[in-house]
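Dear colleague,

Here is the structure I promised to pass on. My notes on it follow below.

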There are 2 protein chains.
Amino acid sequence: MTVITSPHNEKLKTLRRLQRRRDGRFVAEGEDLLAAADAAGWEPLERFAAAGSGLPGTEVEAEVLAKVSALGSGTRALAVYRERWATAPTGPRCVALWGVRDPGNVGTVLRSALAFGADCVAIGPGTADPYGPKAVRASMGALFAVPVARVEGIAELPGERIALVARAGAPLAATAPSPDCTLVVGAEREGLPGDVVAGCDRTAHIPIASESLNAAMAATVALYELSRNPA
Amino acid sequence: MTVITSPHNEKLKTLRRLQRRRDGRFVAEGEDLLAAADAAGWEPLERFAAAGSGLPGTEVEAEVLAKVSALGSGTRALAVYRERWATAPTGPRCVALWGVRDPGNVGTVLRSALAFGADCVAIGPGTADPYGPKAVRASMGALFAVPVARVEGIAELPGERIALVARAGAPLAATAPSPDCTLVVGAEREGLPGDVVAGCDRTAHIPIASESLNAAMAATVALYELSRNPA
């Protein structure tokens with residue numbers, strides 16, 4: 001087995017290019033993320049491991065690997081995967097993000113979707129790319145387990161559409177959502193656009209004593225609330 | 001009114017020193033945070049504003065202020081406050097953090113505590129400083145509204161102590177917590193130390209389909225669950 005010792009190696013060059021600009025492929029770093037991918041049956045296109053680590057993949061001298069890593073010097077494993085996009089979001093339980101620009105929030109929603117049994121995350125207009133490095137990391141591997149689909153309009157969302165809006169509509173706990181439903185969540189400050197709210201089947205909120213929750217926390221609590229009352 | 005134009009100004013030097021190492025005082029940045037402090041009745045020890053911004057405070061030339069800012073060039077307002085520590089955590093509803101090292105998670109828990117009506121956040125051993133810059137920022141100003149107290153042991157926590165542990169005890173929704181209670185939350189990976197769990201009055205969990213939630217998400221959902229069934 002050859003060990004890559006040069007940062008100018010062609011495979012590593014491709015990796016660095018992918019970190020800057022993706023082309024349908026993305027990079028995941030760290031043993032936990034790669035284990036999540038394995039567990040979910042994702043086959044890497046290419047896999048790298050620190051030389052001597054005993055981890056599977058093309059061996060790379062530790063210092064050279066550290067330089068390729070976006071996380072810093074700790075990474076011992078790194079792999080390239082092909083993005084997977086569902087052709088359409090699927091139910092019975094879906095969460096849709098509209099204008100959620102922060103990739104950390106998108107990753108957190110993926111993690112909550114997995115935790116609370118959502119079937120799909122729909123990525124609406126103005127939402128951060130779930131395959132971007134920060135979203136992948138924040139998802140803690142949930143990205144490999146929960147299908148994602150791009151959507152342009154709410155007509156594409158499955159089941160009853162529930163717009164989550166601060167202080168409008170009924171408390172989510174007091175609604176009796178259809179077993180088939182999509183929770184539609186907007187950006188932290190702007191909230192959901194008026195036409196999106198108007199196009200949804202109902203409006204609900206999470207009762208809070210303060211000004212606001214961030215998008216990821218609101219979605220997490222709402223997904224928990226829905227999971228409390230399974231269809 | 002004199003405008004500070006030199007980065008060597010003594011007041012700015014003090015500010016930079018405080019950003020590196022605090023001494024019972026801390027720095028908050030941004031108009032939203034400062035407005036939250038004002039609303040909660042916190043008097044700044046010193047307040048700075050970009051020259052010409054019309055904001056209250058000692059005027060500082062915009063470029064000089066940008067260099068002092070930990071957030072980057074956008075900051076137009078910045079203030080120094082004295083830390084406030086409650087002598088003991090208070091109920092009827094308290095959340096205690098044990099070994100939650102990530103300051104972003106600590107800030108998020110403060111925000112959720114405010115949103116869901118907790119009376120106090122207890123900062124247990126190994127937990128990030130709530131007055132650190134990242135925690136202050138993540139709290140979105142909740143730090144100014146929710147009392148914090150340092151604790152060394154669970155005996156200091158008010159009311160019934162509920163240890164939140166992954167997959168142990170009853171689902172939190174199925175428990176009937178005492179109106180006076182403290183929710184005890186541990187670190188993401190390690191969870192709560194065994195002796196802390198053993199010393200609590202009961203153990204509960206948030207039912208999830210995946211491996212784990214992070215500490216902030218778990219605490220947020222648990223605080224929501226408690227707020228659903230007000231005492």
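**Helix α1 of chain A and its surroundings**

The buried residues of α1(A) are covered by elements of chain A that include β1 (25-29), β2 (46-50), β3 (58-60), α3 (62-68) and β4 (77-82). Please keep in mind that this is a predicted model.

The helix itself, α1 of chain A, runs over residues 10-20, and A:L12, A:L15 and A:L18 are buried in it. Viewed down the axis of α1(A), its buried residues lie within an arc of 115 degrees, so they line one face of the helix. On the face of α1(A) turned away from that buried side are the exposed residues A:E10 and A:R20. The N-terminal end of α1(A) is capped by A:N9, which has a side-chain oxygen 2.8 Å from the backbone nitrogen of A:K11.

**Helices α4 and α7 of chain A**

How do these two helices pack? The axes of α4 (residues 103-115) and α7 (residues 215-228), both of chain A, come within 9 Å and cross at roughly 10 degrees. Since angles under 35 degrees count as roughly parallel, α4(A) is therefore roughly parallel to α7(A).

The contact involves A:N105, A:T108, A:V109, A:S112 and A:A113 from α4(A). On the side of α7(A), the residues are A:A215, A:A216, A:A219, A:T220 and A:L223. Sorted by type, the residues of this contact of α4(A) with α7(A) are six nonpolar, four polar and no charged.

**B:R47**

In chain B I looked at one arginine, B:R47, which sits in strand β2 (residues 46-50) of that chain. Is B:R47 buried or exposed? Its relative accessible area is 17%, and buried means under 20%, so B:R47 counts as buried.

The side chain of B:R47 makes a polar contact of 3.1 Å with the side chain of B:D38. Leaving aside residues up to four places away in sequence, B:R47 touches B:L34, B:D38, B:P56, B:G57, B:T58, B:L78 and B:A79. B:D38 thus appears both in that list and as the partner in the polar contact.

**Chain A as a whole**

Chain A has seven helices and eleven strands. Its C-alpha trace spans about 60 × 30 × 30 Å along the principal axes. Of the 231 residues in chain A, 48% are buried. Among the contacts in chain A between residues at least 6 apart in sequence, 77% join residues at least 24 apart.

Regards

Technical notes:
Residues numbered from 1 in each chain as written. Chains lettered and ligands numbered in written order. Predicted model: local features only at pLDDT ≥ 70, side-chain atom pairs only at ≥ 80, totals over all residues. Heavy atoms only, no water. Axes fitted to C-alpha atoms, helices over the stretch in contact; angles between N-to-C directions. Helix = DSSP H or I, 4+ residues; strand = E, 2+ residues; numbered from the N terminus. Parallel < 35°, antiparallel > 145°, perpendicular 65-115°, else oblique. Contact = heavy atoms within 4.5 Å. Nonpolar A, V, L, I, M, F, W, Y, C, P; charged D, E, K, R; others polar. Buried < 20%, exposed > 50% of the residue type's maximum accessible area, 1.4 Å probe, protein only. Arc of directions from axis to C-beta. Polar contact = N/O pair within 3.5 Å; in protein donor to acceptor, adjacent residues only side chain to side chain.
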